[in-house]
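Thank you all for coming; I would like to walk you through one model this morning, moving from its sheet to the helices that pack around it. Please keep the structure open in front of you while I talk.

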Amino acid sequence: MSQQIHVAPVAWLSAEQTAAWHAVVSAAGRHDLPDRPTPSPKQVHTQLTTAGLDSHRLFWLATGPDSTVVGVAGLRLFTSPGQDHLAELELHVHPDARRRGVGTQLLSTAAFAAQVERRRSMLTVTTDGTAGDAFCTARSFRRVMTLHQLLLPVAEADDTAADTEHPGYELAGWTGTVPDHLAATFAAAKNAMNDMPTGDMDYGRVSWDADRVRKMAQVLADRGDTLLTLAALKGDTMGGYTEIVIRAGETRRALQYDTAVVPAHRGHGLGLWLKATMLRTLKDTHPGIVEIETDNADDNTHMLAVNRCLGFRPQQIVHEYQLDLPAPDHSTRGASVCAD
């Protein structure tokens with residue numbers, strides 16, 4: 001039945017197409033992960049229509065014989081030096097339209113586009129045991145990293161580590177864009193994330209400077225998200241930082257973004273101190289937030305231990321998959337990528 005499915009690129013998503021995208025994503029989420037909240041229409045709209053940092057996106061809609069949207073795919077193409085070999089795939093098929101070749105056609109189309117853009121690797125993420133997990137395994141993706149998704153009920157969190165003294169360090173916090181006088185040292189601390197565990201992933205390297213950290217904050221602001229940052233300073237040097245994001249329209253759940261400690265400042269408990277203090281800040285400034293979601297690579301034993309101390313609970317296991325792409329061959333569209 002795959003010949004009855006039409007996959008078309010979308011240069012600009014209309015309100016109607018964005019609503020159709022949300023309907024597919026929500027239906028797939030309710031079917032595959034019924035215990036997880038589905039994104040709101042506003043969150044999907046801002047994700048699709050807000051420009052990303054050092055990247056651009058391509059979109060496709062798959063429609064059935066009656067022109068109903070039954071599948072969606074987005075491809076993020078990274079453009080910064082160190083990551084311009086990389087693409088990131090998002091693909092969803094409505095549960096009622098599965099096993100008709102929809103996902104295969106979307107994947108073939110997106111993979112071909114990535115090849116044309118001279119990408120050698122395409123990444124995607126799935127939840128353990130779901131249809132997406134089986135889909136990737138059957139289509140030449142390699143599992144390159146496993147992540148533990150964790151959830152922290154804020155009311156039950158252990159934030160006593162916020163009371164620990166750290167002589168020589170002081171805390172600085174801000175909402176949104178980093179203050180100008182901290183931008184350079186914050187960028188230097190951001191570069192500490194380049195030694196985070198990435199498994200066998202062909203992730204490349206991200207280089208941060210003051211301009212880039214400002215641009216990242218602006219991307220989140222353009223989406224309507226709230227970015228909270230707390231940093232540990234030793235003189236003019238930032239020893240570490242932690243970030244929390246509350247997505248636009250979110251009333252219950254916050255997302256843990258980066259937590260990093262600069263190598264020269266490790267071994268002093270800064271990560272736990274920062275995260276525990278951020279918890280107290282969140283309770284005071286955003287009392288409606290009742291839970292925080294995060295994830296850690298299974299070999300990031302230190303941060304997993306920190307999160308256990310705070311009270312994070314296991315939620316689910318997710319996997320990063322990578323498809324290694326050959327050089328483009330315009331005469332065989334997608335034939336080398338996946339089977340029917």
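**The sheet and its helices**

I will start with a single pair of residues: I244 stands opposite Q256 in β10, where strands, like helices, are DSSP runs numbered from the N terminus (E, at least two residues, for strands; H or I, at least four, for helices). Before going further, I should say that this is a predicted model, in which local features need pLDDT of at least 70 and side-chain atom pairs count only at pLDDT 80 or more, while totals for chains, interfaces and linings use all residues. Residues are numbered from 1 along each chain as its sequence is written, and side-chain values use heavy atoms, with hydrogens and water left out.

Strand β9 (residues 237-246) and β10 run antiparallel and are joined by five bridges, and pairing here requires that DSSP finds at least two bridges between two strands. In their hairpin, which has six residues between the strands, G249 takes a positive phi near 80 degrees. On β10 (residues 253-261), seven of the nine residues are buried, so the strand is largely enclosed by the rest of the structure; buried means under 20% relative accessible area, against over 50% for exposed and partly exposed in between, with a 1.4 Å probe and protein chains only.

β10 also pairs with strand β11 (residues 291-297), in the parallel sense and over three bridges, and there R253 stands opposite E291. Between these two strands the chain passes through helix α7 (residues 270-285), in a β-α-β crossover that is right-handed, that is, clockwise from the first strand over the helix to the second when the strands point away from the viewer.

Which order do the strands take in the open sheet? The 12 strands run β1-β2-β3-β4-β5-β12-β6-β11-β10-β9-β8-β7, with mixed pairing. Because β1 (6-10) and β7 (170-175) stand at the edges with a single partner strand each, one side of each is left without a neighbour in the sheet.

Turning to the helices, α1 (residues 15-32) and α2 (residues 41-49) pack at about 115 degrees with their axes 9 Å apart, the axes being lines fitted to C-alpha atoms, for helices over the stretch in contact, and angles running from 0 to 180 degrees between N-to-C directions. T18, W21 and H22 of α1 meet P41, V44, H45 and L48 of α2, contact being heavy atoms within 4.5 Å. Finally, the buried residues of α2 are Q43, V44, T46 and L48, and they pack against α1, β2 (55-63) and α6 (210-223).
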